[in-house]
Amino acid sequence: MSALTSIEKRILSYLKDQEAGATVTSQSLAKALNYGGTKMYKKLVRAINYLENIGELEQIKRGHYRLSGKVSKTVVGTYRANAQGFGFVTYAEGQPDFFVPRGRALNAMQGDTVEVEVLKLANPQTGKGSEVQVLRVIERAVNQLVGEFVAYPSEVRQERQALGYVLPQGDYSDAVRVEIDPAGIQPADHSICIVKISQYPTEEAPHLLRGLVAKEIGHRDEPGVDILSVLYQFGIPHEFPEVVKEAAEAVPQTLSAQDLANREDLRQEVILTIDGADAKDLDDAISLERLDNGDYVLGVHIADVSYYVEEGSALDLEAYQRGTSVYLTDRVVPMLPQRLSNGICSLHPHEDRLTLSCQMVIDSQGQVKSHRIFRSVIHSSYRMTYDDVNAILEGDEGLRQKYEPIVDLLEDMSKLHHLLEAKRIKRGALDFDAPEAKVLVDGQGHPLDIQLRERGVAERLIESFMLAANETVAKHYMTRDYPMLYRVHEQPDSERMQRFAEFITAFGIVLRGKVETIAPKQLQQALKQVDGQDFEQAVSTMMLRSMKQARYSEEALGHYGLATAEYTHFTSPIRRYPDLIVHRLIHRYLDKKPSHQDKARIFDQLPGIADQSSKMERRAIDAERDVTAMKKAEYMLDKIGQEFEGVISSVTSFGIFVALPNTVEGLISLKDLTGDYYEFDQAHLLLVGQRTGRIFRIGQKVKVRLEAVNVGEREIDFSLLEAEPVTGLDVDIVLQRSKQAKAANKSAKGKTQDKQHQAKKLKGTGKKKRATKEDKVSNNKSGASKPKGSKANKGRQEDKGKAKSKSASKRHRKELSEHQSNDSRQAKKQSFAGDMASKKSAKSTESKFKQFKIKRKQPQANRLG
């Protein structure tokens with residue numbers, strides 16, 4: 001396996017010092033190793049589970065472990081397919097994935113639970129991870145697929161006893177086909193269908209499935225069918241069951257006197273909402289008062305959804321299954337029926353609405369001095385938009401006159417926001433202000449434009465107030481040791497952070513601190529160094545990819561990105577199930593102090609809710625990104641042949657990705673970078689020309705031509721016209737380090753083969769001869785590669801490019817945005833950090849291209865929010 005962590009080594013060392021056959025529990029180990037506290041105990045339990053998984057420990061009865069004396073060669077994990085035929089197996093949290101070479105996946109499909117056998121152990125010298133082969137599929141992940149039906153001609157239909165085949169959507173090889181049995185629905189040619197799988201791939205036919213058409217969604221060219229197919233593909237329900245509709249219809253749309261019982265009446269206060277112009281599910285409102293001593297009294301009033309969605313009801317069960325609302329280009333798939341989400345729960349202006357309020361007294365340093373959490377009823381006075389508030393704060397006279405009664409209030413809100421923002425920055429909170437696009441479509445769903453918006457003071461103001469409320473609520477219940485659902489974002493993985501540290505040395509930046517314990521403040525300082533530079537967005541994006549994903553947990557593990565120990569999601573119960581749960585718990589705790597039995601019962605329920613909520617959030621994000629990528633590709637269809645200026649957003653072993661100012665991203669395949677043989681420097685994400693020394697790196701400005709678009713595959717292909725020269729890098733050093741890394745890898749490979757050869761010698765004379773023969777064959781094969789002549793390398797590079805560029809855009813968006821760094825686990829480790837750290841960063845030459853004037857919209861918060 002890969003190298004053990006320090007805690008895993010300590011566990012094994014401790015057990016080896018005990019009597020033979022001695023058993024331990026997690027509690028006794030924690031005491032013996034002095035691992036106190038929830039966070040350390042959780043790490044200990046993970047280490048025990050991992051050691052058991054790889055066969056170092058065995059569980060002789062529930063919760064009791066001992067040394068097993070041998071390492072298991074088989075492991076159970078989750079298979080992730082790649083369109084190129086290879087794959088990866090995830091088997092333990094915090095551990096690098098296993099690599100499954102092409103032809104070793106048996107008949108496993110995306111998401112299947114599989115048992116694998118270890119073929120090669122990880123090699124720290126070369127950086128290559130462990131290789132495995134799939135022995136058997138334990139459990140199938142999917143029983144249905146979504147895709148386009150292609151009808152067979154009559155003679156083929158008769159021969160194959162099938163109507164035709166379906167090309168499945170998603171992460172499947174282009175070779176995968178699902179033949180359709182005649183017994184089901186007989187769909188029209190080129191219609192989008194849902195197929196129930198009746199026969200999975202076999203070793204003899206690894207790309208062939210059979211199934212029945214269960215539903216015909218519609219023809220591929222019918223308006224709206226493309227997005228519907230994505231919803232079906234991800235298993236996102238877009239219609240509510242009748243029992244849920246009936247439950248929603250039974251909810252009154254006005255308040256009664258009974259509804260107002262035990263609530264503070266805030267209907268006379270000036271309370272307002274600030275949202276996007278097209279928002280309908282308004283779940284947060286704010287109020288602000290300035291005290292004589294200069295303190296602020298901030299009120300954050302959130303729709304009391306849990307009052308209407310009772311635990312265990314049809315509405316509650318449906319919301320739990322959905323987990324979140326899904327926001328697509330032309331529609332919203334709500335978590336709750338519109339009668340609630342856009343009706344009685346939404347904080348519309350001039351309507352009485354039930355809320356849960358968090359009222360905070362905040363001083364001039366942005367510190368919360370005191371707070372209250374209580375039930376309330378409000379009457380929103382103003383329904384403001386981000387655009388109008390931004391314009392008012394920027395001095396728009398017409399709007400300042402229109403909203404004259406609240407101009408001073410808005411300016412006070414702006415001042416408080418700046419105090420809160422300064423406090424977050426001071427403690428080290430990270431701000432990834434990445435550009436985000438909104439695709440505008442017509443009534444038929446066809447894209448008209450891609451717009452970017454700047455995140456102004458109004459957007460940031462609401463963010464600051466919601467963050468303050470979320471932190472305050474979390475801290476309130478943490479200090480009381482009440483069970484609560486938290487939003488957590490954990491310390492970055494040291495391996496990923498090490499790769500990021502190596503990457504930024506190419507820009508003359510040295511990351512201070514140890515990668516294992518790097519603090520948010522240290523990353524914040526790195527971001528400051530690139531502020532205003534051409535490569536600022538590239539460094540910010542790569543840092544974000546190095547982070548872990550934020551998730552939900554019953555444990556208060558803190559939020560790394562926000563640099564806070566206390567954080568939950570309290571402010572969006574209309575569209576997020578975890579927030580609804582937080583509200584439900586608040587109601588329970590307002591009613592009475594929980595007993596030990598109450599705490600135990602609640603705490604047992606929370607892990608399942610946290611896991612389900614995290615999974616549904618991930619599903620929604622994947623669907624939203626897939627639809628956005630599809631519509632961006634469709635938007636570019638009529639622009640083939642046009643030229644664009646852009647920036648290199650990613651560098652891979654198979655080409656470079658270029659992002660346009662409107663966030664559209666496409667690939668320049670390696671095979672199209674002619675005139676040189678390019679080596680991929682994994683550590684610094686560079687392509688380096690071995691003859692000319694030409695370099696391509698992230699953040700570099702380029703001019704490209706659009707060559708091809710494939711909407712179905714979400715692929716956009718560019719060709720390179722011009723590239724701004726890279727400055728600040730010593731080409732000779734880059735080439736030298738590349739050669740040294742190749743030599744080191746070759747040496748390490750030779751040493752590994754020598755060790756394997758010596759091990760085989762010890763097994764006896766007969767096996768010795770056989771091993772020697774195999775070793776010679778192996779050496780002959782390894783020495784049989786072609787010299788690096790220009791023709792041979794050009795052909796090899798073209799073949800490589802053809803194989804890898806297929807589906808590259810889709811794979812790039814999915815794998816890189818999910819923080820998957822699978823290439824790096826197999827890639828050569830090259831580093832010239834020492835050389836670059838000693839050099840001063842050269843000033844970038846003035847670009848011959850015009851400066852991009854990019855308006856930015858509020859970025860996605862799914863990674864850190």
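This is a short tour of a few local features in one structure. Keep in mind that the model is predicted.

Let's start with helix α9. It covers residues 386-393. Which residues of α9 are buried? They are Tyr386, Val389, Asn390, Ala391 and Ile392. Those buried residues pack against several elements. Two are strands, β14 (272-275) and β21 (382-385). The others are α10 (397-402), α11 and α12. Just past the helix comes Gly395, with a positive phi near 105°.

Now take one of those partners, α11, which spans residues 407-427. The axes of α9 and α11 are 10 Å apart, and the packing angle is about 90°. An angle of 65 to 115 degrees counts as roughly perpendicular, so α9 is roughly perpendicular to α11. Who makes the contact? From α9, it is Val389, Ile392 and Leu393. From α11, it is Val407, Leu410, Glu411 and Ser414. By type, that contact has 5 nonpolar residues, 1 polar and 1 charged. Val389 and Ile392 are also on the buried list for α9.

Next, the aromatic rings. How many aromatic pairs does a search of the whole structure find? The count is 16. I'll show you two.

The pair to look at now is Tyr91 with Phe98. Their ring centres are 4.1 Å apart and their planes meet at 5°, so this pair is stacked. Both Tyr91 and Phe98 are buried. They also belong to a cluster: ring pairs join Tyr50, Tyr91 and Phe98.

Then there is Tyr152 with Tyr165. Here the centres are 5.7 Å apart and the planes sit at 55°, so the pair is tilted. Where do these two rings come from? Tyr152 is in the loop between β8 (144-151) and α4 (154-160). Tyr165 is in strand β9, residues 164-168. The two are 13 residues apart, and the pair links distant parts of the chain. Tyr152 and Tyr165 are both buried.

Rings also meet charges here. The charged end of Arg263 sits over the ring of Tyr307, 5.2 Å from the ring centre. Arg487 lies over the face of Tyr552, and there the distance to the ring centre is 4.6 Å.

On to the backbone. Most residues other than glycine have a negative phi. Two residues are worth pointing out against that. His350 is not a glycine, yet its phi is positive, about 65°. You will find His350 in the loop between α8 (338-344) and β19 (352-362). Buried or exposed? His350 is exposed, with a relative accessible area of 54%. Asp481 is not a glycine either, and its phi is positive at about 60°. Asp481 is in the loop between α12 (457-479) and β24 (486-488). Its relative accessible area is 57%, so Asp481 is exposed too.

Last stop, Phe644. Look for it in strand β26, residues 643-652. Buried means under 20% relative accessible area. Phe644 has 18%, so it counts as buried. What is Phe644 in contact with, leaving aside neighbours within four places in sequence? The contacts are Met636, Lys639, Leu660, Val702, Lys703, Val704 and Leu706. Phe644 and Arg705 are 61 residues apart along the chain, yet their C-alpha atoms are separated by 6.2 Å.

That's the tour. Questions are welcome.

How values were computed: Residues are numbered from 1 along each chain as its sequence is written. This is a predicted model: local features need pLDDT of at least 70, side-chain atom pairs count only at pLDDT 80 or more; totals for chains, interfaces and linings use all residues. Side-chain values use heavy atoms; hydrogens and water are left out. Axes are lines fitted to C-alpha atoms, for helices over the stretch in contact, and angles run from 0 to 180 degrees between N-to-C directions. Helices (H or I, at least four residues) and strands (E, at least two) are DSSP runs, numbered from the N terminus. Angles under 35 degrees count as roughly parallel, over 145 as roughly antiparallel, 65 to 115 as roughly perpendicular and the rest as oblique. Contact means heavy atoms within 4.5 Å. Ala, Val, Leu, Ile, Met, Phe, Trp, Tyr, Cys and Pro count as nonpolar, Asp, Glu, Lys and Arg as charged, and the others, Gly among them, as polar. Rings of Phe, Tyr and Trp (its six-membered ring) pair if their centres lie within 6.5 Å; planes under 30 degrees apart count as stacked, over 60 as edge-to-face and the rest as tilted. Buried means under 20% relative accessible area, exposed over 50%, partly exposed in between (1.4 Å probe, protein chains only). A charge sits over a ring if NZ of Lys or CZ of Arg is within 6 Å of the ring centre and within 35 degrees of the ring normal.
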